[in-house]
Amino acid sequence: MASKKVPKATLQRYPLYLKALRRLKKNGTTRIMSKELSSFVDIESTTIRRDFSFLGNLGKQGYGYDVDKLIEIFNAELGVDFDEKIILVGAGNLGRALMNYNKWDHVVGEIACAFDMDEAKAGVHFGIQVYPMTELEDKIPEGCHIAILTISHQVQKTVDRLVACGITGIVDFTHEHFLAPKGVAVKVVDVVSSIQELVFLTNSMESKAKKQKTE
């Protein structure tokens, strides 16, 4: 565990390091220098060494870092369950894109299976089994706590069913208002709002640049 208070910016980089380290381990790497890790995460080696220093004396000069040791330390620091079984509810266009999206690989577990109201979508897609929603209670993985929600109909009813199945965390892509009981965390992903914020930011920067040119 960290021996001193870790800055927020450093904490935000830890998952990036961990993802790279787990992939390196999978490829047979047992130790790595900060300069080598830098090329994987696109972060300066000096920043990497400073970030690692908050976790103690992890490396040896001329030897580098032990990959297994780093993974163990980051696991403890971040408190992440890498065997987390995540389910996806909604196998439409967005759901299929998420099934094909692998940037959380080696970081937060995996999508174990998916469900959709359209029984015609049942089958295996991108290596993930899709079941009809009618089979939710029977097919949800044991111990599953996280669900990604991409549906547009019967949202509240679906949330109620998920909660009854033991889901305590929902990633919400629905843009529909629904109620979740106390003890269930909901993370809303609003792409439109993010784009609006970006448009505002870029317009502000352009206006500032034009003003500076006229001064």
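**Entry 1: Phe52 and Tyr65**

I began with the burial of Phe52 and Tyr65 in this predicted model, and I note that both residues are buried. I then looked up their rings and found the centres 4.9 Å apart with the planes at 85°, so I have entered the pair as edge-to-face, given that planes over 60 degrees apart count as such. In the sequence the two partners are 13 residues apart, with Phe52 in helix 3 and Tyr65 in strand 3 (residues 64-66), and I therefore record the pair as one that links distant parts of the chain.

**Entry 2: Tyr17 and Phe52**

Next I turned to the other ring pair that I had listed for Phe52, the one with Tyr17, and again I found that both residues are buried. I counted seven aromatic pairs under the ring-centre rule. In the pair of Tyr17 and Phe52 the ring centres are 5.2 Å apart and the planes stand at 85°, so this pair too goes down as edge-to-face. It also links distant parts of the chain, since Tyr17 lies in helix 1 and Phe52 in helix 3, 35 residues apart. Following the ring pairs further, I found that they join Tyr14, Tyr17, Phe52, Tyr65 and Phe74 into a cluster.

**Entry 3: helix 1 against helix 3**

I then looked up the two helices that carry Tyr17 and Phe52. The axes of helix 1 (residues 8-26) and helix 3 (residues 45-53) come within 10 Å and cross at roughly 105°, and I therefore describe the two helices as roughly perpendicular to each other, the range for that term being 65 to 115 degrees. On the helix 1 side I listed Thr10, Arg13, Tyr14 and Tyr17, which meet Thr47, Ile48, Asp51 and Phe52 on the helix 3 side. Sorted by class, this contact has four nonpolar, two polar and two charged residues.

**Entry 4: helix 1 against helix 2**

Last, I looked up how helix 1 packs with helix 2 (residues 34-41), and I noted an angle of about 105° with the axes 10 Å apart. Helix 1 and helix 2 are therefore also entered as roughly perpendicular to each other. From helix 1 the contact takes Leu16, Tyr17, Ala20 and Leu24, and from helix 2 it takes Leu37, Phe40 and Val41. What classes of residue make up the contact of helix 1 with helix 2? I found seven nonpolar residues there, with no polar and no charged ones. I note finally that Tyr17 is listed in the contact with helix 2 and also in the contact with helix 3.

Key. Residues numbered from 1 in each chain as written. Predicted model: local features only at pLDDT ≥ 70, side-chain atom pairs only at ≥ 80, totals over all residues. Heavy atoms only, no water. Axes fitted to C-alpha atoms, helices over the stretch in contact; angles between N-to-C directions. Helix = DSSP H or I, 4+ residues; strand = E, 2+ residues; numbered from the N terminus. Parallel < 35°, antiparallel > 145°, perpendicular 65-115°, else oblique. Contact = heavy atoms within 4.5 Å. Nonpolar A, V, L, I, M, F, W, Y, C, P; charged D, E, K, R; others polar. Phe/Tyr/Trp six-rings, centres within 6.5 Å; stacked < 30°, edge-to-face > 60°. Buried < 20%, exposed > 50% of the residue type's maximum accessible area, 1.4 Å probe, protein only.
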